[in-house]
Amino acid sequence: MRDRLPEAVLALRWDRAVLARPLGPVAAVVAGLAAVVLVVGAVLVAGHDYASTLDERITLAAPRGQVLFAALVAVGDVMSAAVLAVVLVAVCLAAGRPRHALLALLAPAATGVVTTVLKPLVGRTLDGADSYPSGHTGSATSLALVTGLLLASAPAVRATAARIAVVVVVTLLSAAPMAVALVAQHVHYPTDTVGGFCTALVVVLVVALLVDRVVPAVTARARPGVPPGG
């Protein structure tokens, strides 16, 4: 195993967990609740090519035509999200958080795959295109959630409540504007954005839990006699 992992990789601080105690159980609960909302939403809108009553009410209240909204939607495109993910990986590594870097590399990509797979399975359409769950919202949420987890891991943020608050605020500040922009630009129904948000929560938090479980075992095998930490 040591031959497969370069010394430069082993020298990184792999002992620093993504989900510092006791955030692991909290993340598991949140992922479970998000999965329930995602599935229930999918069942309710499956096969529909029209807005629900709730969608219509929210859409009527949404602003329209702003150039800013068009720019926000563009940020959720695949290429833009890929560039942002690479930048986030670099920031995590510079901050000495390789597990977060691994999460930034895997989770946004996995979120994109899951939303892409779910869309035709659910079969909800807007102007002929599959729409549930929203991939743009999922992309924005996944990147924001990883960023929030990185910021929450800072030494200055010690209290569990403060860590949770940081993650929630950062995630919502990115996901909400994207959702509003998608609805305003008539790219998605409002409930599509809820589905994308929940998809990202499930994927990112599950990947984070897996990273914190798998990385210590891998690094321990690569460095016999050294406690895995985390």
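**Note on the pocket, the cavity and histidine 100**

1. The largest pocket has a volume of about 410 Å³, and it is lined by 21 residues, of which Val78, Ala81, Pro108, Gly112 and Ser139 are the closest to its centre. Please keep in mind while reading that this is a predicted model.

2. As for where this lining comes from, the helices α5 (78-94), α6 and α7 (135-152) each supply at least two residues to the largest pocket, and α6 gives the most, with eight residues. Sorted by class, the lining of the largest pocket consists of 11 nonpolar, eight polar and two charged residues.

3. Turning to enclosed space, a search of the whole structure finds one cavity of 30 Å³ or more, and the space in the largest cavity comes to about 30 Å³. Its lining is formed by Val18, Ala20, Leu23, Leu149, Ala152, Ser153 and Arg163, and these residues divide into five nonpolar, one polar and one charged.

4. Is histidine 100 buried or exposed? This residue sits in helix α6, which covers residues 98-122, and histidine 100 counts as buried because its relative accessibility is 0%, where the cut-off for buried is under 20%.

5. Which residues does histidine 100 touch, if those up to four places away in sequence are not counted? The contacts of histidine 100 are Ala17, Val18, Cys92, Val146, Leu149, Leu150 and Ser153; Val18, Leu149 and Ser153, which are among these contacts, are also among the residues that line the largest cavity.

Terms used. Residues are numbered from 1 along each chain as its sequence is written. This is a predicted model: local features need pLDDT of at least 70, side-chain atom pairs count only at pLDDT 80 or more; totals for chains, interfaces and linings use all residues. Side-chain values use heavy atoms; hydrogens and water are left out. Helices (H or I, at least four residues) and strands (E, at least two) are DSSP runs, numbered from the N terminus. Buried means under 20% relative accessible area, exposed over 50%, partly exposed in between (1.4 Å probe, protein chains only). Contact means heavy atoms within 4.5 Å. On a 1 Å grid over the protein atoms alone, a cavity is a set of points where a 1.4 Å probe fits but cannot get out, and a pocket is an open set with protein on both sides within 12 Å along at least five of seven lines; lining residues have an atom within 4 Å of a point. Grid points are joined across faces, edges and corners, and a volume is the space filled by probe spheres set on the points. Ala, Val, Leu, Ile, Met, Phe, Trp, Tyr, Cys and Pro count as nonpolar, Asp, Glu, Lys and Arg as charged, and the others, Gly among them, as polar.
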